[in-house]
Amino acid sequence: HKFVQTLKGQVLRIPDLDSLVRGWPKGYSPHYEAVKQVHNAVMSKLLGPSKRYKTLIACDCVYNACTWFPNASFDALCFASYVTSFLFVWDDELDIPDTSRLAKNWTAAEKYRADTIAHVHAFLDEHPPQDARTRSCRVETAIASFNPVGEAAAFRFNRGQKGLFCEEVLRYIRATGAEQRSELSKQAPTIDEYLETRMGTSGVAAVAATIEYMVGIDLGDQLRTDSDAVSIFNATNCLVSIMNDLFSLKKELESPFYNNAVAVLYHQHRDLQIAVNETYKLLARSVHDLETAAANLYRRFPDRRADLEKFVAGAQTMVTGNMEWSKKIPRYKLGGITKFDGTTEVTL
């Protein structure tokens, strides 16, 4: 932790991410204003006129949904905005040491995770206990932020889609335990240890698990679990998660919070530019993996080409949309950046 603090004041040059995803689809949904009205009303009722609500609105989860899935329906975009809102509200209870009652209290944080897992099961299990929904109404507000997500997913997803989504939400919750243990130990993880945890804690996999619903397809259990489809899923998770590590480094150093790929690689290499270069290699490898897996799927399943193209495009717009959303929101403190062409610099 002490060494990583030496990042402060250094200049982070964000690598050329625009070229990395050149040719990938991107866009912006025309439903933004209508979805924003519904989303903000639901979140206001759930969170009340609180600091938590103001922080969430500043993240603009609706803009997130509308750039990540620009061709989705109005109802699907409402759902996506609820998913992202839950991820932000729930996580902020854990990872802001200056304000969270849980960040340094392992026992209380473990109870928070256990209560949330039970709450998720109450909505997404195939046959939840009869009184599970009733019991789940008595949880604290941050956990209850899952309610609009669970209510929608329980009825709109088929069994396979709901199973994958539930699995990834639970992975997200449990991974925060590994991350918190790492933070409390004050011992730097290796990059491999970090990546294993980060692929859960980012919450990106939970969103990626909704791609089928968001683009209006059903891959079916066999194709959904095919190795190439899983490669696309994993590459998307890595791309969004690790790009966010680049974008959020300045914010996280202020907390301080050091579970970040750039910080981990900086601790390993003792040089910021080398850390950034190594981070870029992770991203470039994931782009290659996604594009290779997509080509394989088109070749192996020509009769499913239309659905597969929608699936791949949904994965790609998650990445390009995340880049657009990250430029806009104040959360990452990027100061009005308009492009990621290799010339953008941020003073940490």
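**Helix ends, a helix pair and two buried side chains**

Arg270, just after helix 16, takes a positive phi of about 65 degrees. The model is predicted, and this residue is a good place to enter it.

Step back into the helix that Arg270 follows. Helix 16 covers residues 261-269. At its start, Asn260 makes a side-chain to backbone approach: a side-chain oxygen of Asn260 lies within 2.8 Å of the backbone nitrogen of Val262. Val262 is itself one of the buried residues of helix 16. The others are Ala261, Ala263, Val264, Leu265 and Tyr266. What do these buried residues pack against? Their partners are helix 11 (191-201), helix 15 (227-254) and helix 17 (272-300).

Helix 11 leads to the next stop. Thr201 is found in helix 11. Its relative accessibility is 7%, so Thr201 counts as buried, the cut-off being under 20%. Setting aside residues up to four places away in sequence, Thr201 touches Tyr172, Ala175, Thr176 and Glu179.

Now take Arg224. Arg224 sits in helix 14, which spans residues 220-224. Is Arg224 buried or exposed? Its relative accessibility is 10%, and Arg224 therefore counts as buried. Two acidic side chains meet the side chain of this arginine. Glu212 joins Arg224 through a polar contact of 2.6 Å. Asp221 joins Arg224 through a polar contact of 2.7 Å. Beyond the neighbours within four places in sequence, the contacts of Arg224 include Asn158, Gly160, Gln161 and Leu164. Glu212 appears again in that set, along with Asp218, Leu219, Ala229 and Val230.

Finally, turn to a helix pair. Two packed helices are described by the angle between their axes and the distance between the axes. For helix 3 (residues 51-59) and helix 5 (residues 74-92), the axes come within 10 Å and cross at roughly 135 degrees. That angle makes helix 3 oblique to helix 5, because an angle counts as roughly antiparallel if over 145 and as roughly perpendicular from 65 to 115. The crossing of helix 3 past helix 5 is right-handed.

Which residues meet there? Helix 3 brings Arg52, Thr55, Leu56 and Cys59. Helix 5 brings Ser85, Phe88, Val89 and Asp92. The contact residues divide into four nonpolar, two polar and two charged.

Notes:
Residues numbered from 1 in each chain as written. Predicted model: local features only at pLDDT ≥ 70, side-chain atom pairs only at ≥ 80, totals over all residues. Heavy atoms only, no water. Helix = DSSP H or I, 4+ residues; strand = E, 2+ residues; numbered from the N terminus. Buried < 20%, exposed > 50% of the residue type's maximum accessible area, 1.4 Å probe, protein only. Polar contact = N/O pair within 3.5 Å; in protein donor to acceptor, adjacent residues only side chain to side chain. Contact = heavy atoms within 4.5 Å. Axes fitted to C-alpha atoms, helices over the stretch in contact; angles between N-to-C directions. Parallel < 35°, antiparallel > 145°, perpendicular 65-115°, else oblique. Left-handed = near helix turned anticlockwise from the far one by under 90°. Nonpolar A, V, L, I, M, F, W, Y, C, P; charged D, E, K, R; others polar.
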